[in-house]
Amino acid sequence: MYLKESGKRKVLFPGMLQPEKLNHEELAEMMKTAVLYHNGPLVALNKPPGLAVTGKPEELTLLSVLPEIGQHLGLSQELHVVRAPGRESSGLVLLSSCPQITKTFQNFFIHSRRAQKPTVTYWAVTVGIPATSKGKIQVALKLDQVRGIDLVVPVKAPSRQTLKEGVKETLTHFFVQDSTSGCALVKLQPLTAFPSQLLVHMMLQLCPVLGDHVYSARVGSVLGENFLLPVETTVPQTQVLSELLLYRLQITAKETALLPLHLHLHQILLPETSVAPRVLIAPLPPFFSQTLWNLGLQMSEQPRKK
């Protein structure tokens, strides 16, 4: 994304996609270059944030350009989505043109979930630092209408009846990799799948994900102390950041509305097959790496000792 600055173009968030400024052919070409892995019927690509995986027939989505990607890779059968992050998130998309392989992977994910073994790992930059360096977030969620807006909301003490009415128990493991200046780099491993699960879970920890312009509105702050606002009295809005954080990110308050979601599907664990490695990894988007650099956050296998 570019902004004019003193007659020049400023690269505000490198690697961020603006689907509304692309046509079908341009998006297809871009996604061809996003392919990370291809072996037989299996394909993995690195999705930029802002691109919906599915949508209405007339909308520009990843699904709408899969035929061009398949043709580019010489596949004779149609590609199907096996695993993918949400629209505003970036990261790994797992595709398959073989129904048998697709079923094998889906069964593996189901069995792993039942055994509470994580198969996906996300990286997130959070505004706020979790109270503990690691832990689990377990809460029931449901999709509800709040002031005419569809939002995912937590449900306290769900009954058996509510669990049959769209309420789902959700679970995420988190690990704080690094923290500085009131922000953290957090590794997230969800063991359930629910829309906006990771955003809501981090909001409930009073540490909304950077670039979350929906659920971050529920986190208020007084004298540097964060607290949770009632869902009935809050509506989605542009994330509010402190002047110090804006300075560290090298953006203005007006540019905050353009800030992409810093939630990246980094790694997927796969079953043993002849067509794929056990682990697939997607590099961070350029804007995400830039944010880590600006904030002084380090990404490594071992958390930094404080």
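In the predicted model, Ser181 is located in the loop that joins strand 10 (168-180) to strand 11 (183-190). The phi angle of Ser181 is near 55°, a positive value in a residue other than glycine. Ser181 is partly exposed, its relative accessible area being 37%; this value falls between the 20% that bounds buried residues and the 50% above which a residue counts as exposed.

A positive phi is also found at Arg147, a residue other than glycine, where the angle is near 55°. Arg147 is placed in the loop between strand 8 (134-146) and strand 9 (149-155). With a relative accessible area of 57%, Arg147 is exposed, because the limit for that class is over 50%.

A further loop, between strand 12 (219-222) and strand 13 (225-228), contains Leu223. The relative accessible area of Leu223 is 85%, and the residue is therefore classed as exposed. Together with Val222 and Phe227, Leu223 makes a nonpolar patch on the surface, with an area of about 330 Å². In soluble globular proteins, by contrast, nonpolar side chains tend to be buried together.

At the level of the whole chain, the protein is divided into two parts: domain 1 comprises residues 19-115 + 268-284, and domain 2 comprises residues 122-258. Domain 1 is thus made of two separate stretches of the chain. A distance of 26 Å separates the C-alpha centres of domain 1 and domain 2.

The interior was examined next. The largest nonpolar core has 44 residues, of which Leu94, Phe105, Phe109, Leu188, Leu263 and Ile268 touch the most other members. Helix 5 (residues 197-204) makes the greatest contribution to this core, giving five residues. Because residues of both domain 1 (19-115 + 268-284) and domain 2 (122-258) take part, the core lies between the two domains.

Apart from this core lies another, made of 20 residues. Its members include Phe13, Leu245, Phe287 and Leu295.

The surroundings of one residue of the largest core, Phe105, were also listed. When neighbours within four places in sequence are left aside, Phe105 is in contact with Leu42, Val82, Leu94, Pro271, Thr273 and Ala276. Among these partners, Leu94 is itself one of the residues that touch the most other members of the largest core.

Key:
Residues are numbered from 1 along each chain as its sequence is written. This is a predicted model: local features need pLDDT of at least 70, side-chain atom pairs count only at pLDDT 80 or more; totals for chains, interfaces and linings use all residues. Side-chain values use heavy atoms; hydrogens and water are left out. Domain bounds come from an automatic or database domain assignment. Patches are made of residues with over 30% relative accessible area and no salt bridge: like charges are joined within 9 Å, nonpolar side chains (Val, Leu, Ile, Met, Phe, Trp, Tyr) within 5 Å. Accessible areas come from the Shrake-Rupley method with a 1.4 Å probe; for residues, only the protein chains shown count as cover. A salt bridge is a side-chain nitrogen of Lys or Arg within 4 Å of a carboxyl oxygen of Asp or Glu. Helices (H or I, at least four residues) and strands (E, at least two) are DSSP runs, numbered from the N terminus. Buried means under 20% relative accessible area, exposed over 50%, partly exposed in between (1.4 Å probe, protein chains only). A nonpolar core is a set of buried Ala, Val, Leu, Ile, Met, Phe, Trp, Tyr and Cys residues joined through side-chain atoms within 4.5 Å. Contact means heavy atoms within 4.5 Å.
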